[in-house]
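Biologist: Before we discuss this protein, could you show me the chain, so that I can ask how each label is earned?

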Amino acid sequence: MRVGKVLSSAALLAAIGFTPMLRLSAIPLQQTADSNVVASSEAAAPVEEPKKEPFAFADFTWLTGSPRTSESPLDSKAFTGEFRADVNFTNSFNHPKDDTISGSSEVFRSGEVQVTQLGIGGDFHYQNARGRLMTQFGMYSETTPRNDASPARGQWQLDNAYRYISEAYGGYHFDKMNGINVDAGIFMSYIGLDSYYQFDNWVYQPSYVSSNTPWFFNGLRVQIFPSEKLKIEPWIINGWQSYGKFNKAPGLGMQVLWRPSGAWSILANNYWGTDTLGNPDRKRVHTDDSIQFKYLDTPDKKISKAAATLTIDAGCEYGALGGTSCTANNPANPKQYFLGFMLYNRLWFHHDRYGFTLGTGAINNPGRYLVLMPPINGATAFSGTPYFTANPGDQFKAFDASATFDIMPNQFTTFRFEYNDRGSNVPYFSGAGGVTPPGGNVAPAGSFVPGWAPDLRKQERRFTLALLVKL
């Protein structure tokens, strides 16, 4: 009877439109209980917070060495494109008749408009695979390879193979801690704080500590992010800004980057290698340490932002059989070391549309092993030249000062005006007579030319006008 009544009631309820209630009552008791258990379990399960992206907790576009762009118009799911253009006009007050500027890894010609770099490339990112390619056309494709002596060891012309590439690597991202990246190829070193790309920097011509230290490495790096504020990055590389190895041993190093807040960035780089071509007994150690501090941030004031940086570098080359020493000073093993600093202060105006930077720096480098070889008669890092020797113990001291004014109409464009004053204790910079023999270079590169000598001076003053674009 009870069943019959239920069926009769159900039929009646269905007839007046209560079918949903009938369906709920028809659900088995065990199924309902199981659903409640699942729902209760899901509600009680802790929600795992997503891992925070490293250095994304604050706006660090104010840093020198980092682009100020906060978006990319060339972004997609698997590829973020990048375009860079760096065109400059520089005029040396020494007025070299061959228009050649010596002693810089950023500025190369006087009285001419030159494309320093034009780069096309970007970042690949799909699932956990990653990669980056950036080309370099213009002056960098000629001037950067000539500062690397390693292609002289062996065959295959490494300087030609890589000259049109500034960055080229592939890698993999591991979802451990706040991220671990393993990359192999050519990547930027950021020793000396500044970026290889002038758009990213507060100045066009950086001081010697940056200009004379590596812009890139060729090898393997592992970027470990224990937290969103810390990066530890060991390297196993071919050598000190080199496409190949100078000897049998690779170069070893590590970078530690710590940003405790949006106002501070602290960087430490350390390196060891054998980077004198054909001399494996001469070892090199180097430490490069920088601090950046934003001490004013008032977006609505006339001075919208202010920051300062200090970089200190120290190192030496040693080895009794290598012919040098870090501390001793005797004819058999003369003291050979590097000591330098650079200091900059930058102000931003009118909602960061204008920038003004004052900077200075100096180095002391007996042995000249990090001094850029002047291009006398086409000299390179490998050829050397009798007109500017780099023997153990040869003295070299230099200083510089600069003033830079930037107009930044948007985040992708910079118009830069810069004045530089550079000096050294020995003749080094191109004078009015230039560094090219009459009629052009005489082979072999850097060799002595009878009856001629380059015009080298102890001081150089120049100004630079540049247009910098990054998309």
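What follows is a conversation about two residues and their surroundings.

Modeller: This is a predicted model, in which local features need pLDDT of at least 70 and side-chain atom pairs count only at pLDDT 80 or more, while totals for chains, interfaces and linings use all residues. Residues are numbered from 1 along each chain as its sequence is written, and side-chain values use heavy atoms, with hydrogens and water left out.

Biologist: How many helices and strands does the protein chain have?

Modeller: The protein chain has 6 helices and 18 strands, where helices (H or I, at least four residues) and strands (E, at least two) are DSSP runs numbered from the N terminus. Of its 471 residues, 47% are buried.

Biologist: Why is Ser-104 called buried?

Modeller: Buried means under 20% relative accessible area, exposed means over 50%, and partly exposed is in between (1.4 Å probe, protein chains only). Ser-104 has a relative accessibility of 8%, and therefore counts as buried. Ser-104 sits in the loop between β1 (79-92) and β2 (112-126).

Biologist: And why is Val-222 called partly exposed rather than buried?

Modeller: The relative accessible area of Val-222 is 21%, which is not under 20% and not over 50%, so Val-222 is partly exposed.

Biologist: What makes the approach of the Ser-104 side chain to the backbone nitrogen of Val-107 a polar contact?

Modeller: A polar contact is a pair of N or O atoms within 3.5 Å; within protein, one must be able to donate a hydrogen and the other to accept it, and residues adjacent in sequence count only if both atoms are side-chain atoms. The Ser-104 side chain reaches the backbone nitrogen of Val-107 at 2.9 Å, and that of Glu-106 at 3.0 Å, so both distances fall within the 3.5 Å limit.

Biologist: Which residues does Val-222 contact, leaving aside its neighbours within four places in sequence?

Modeller: With contact meaning heavy atoms within 4.5 Å, Val-222 meets Ile-180, Asn-181, Val-182, Ile-232, Glu-233 and Pro-234. Val-222 and Glu-233 are 11 residues apart in sequence, yet their C-alpha atoms are 5.4 Å apart in space.

Biologist: How do you know that β6 and β7 pair?

Modeller: Two strands pair if DSSP finds at least two bridges between them. Strand β6 (residues 216-227), which holds Val-222, has 5 bridges to strand β7 (residues 230-237), so the two strands meet that requirement, and they pair in the antiparallel sense. Strands β6 and β7 also form a hairpin with 2 residues between them.
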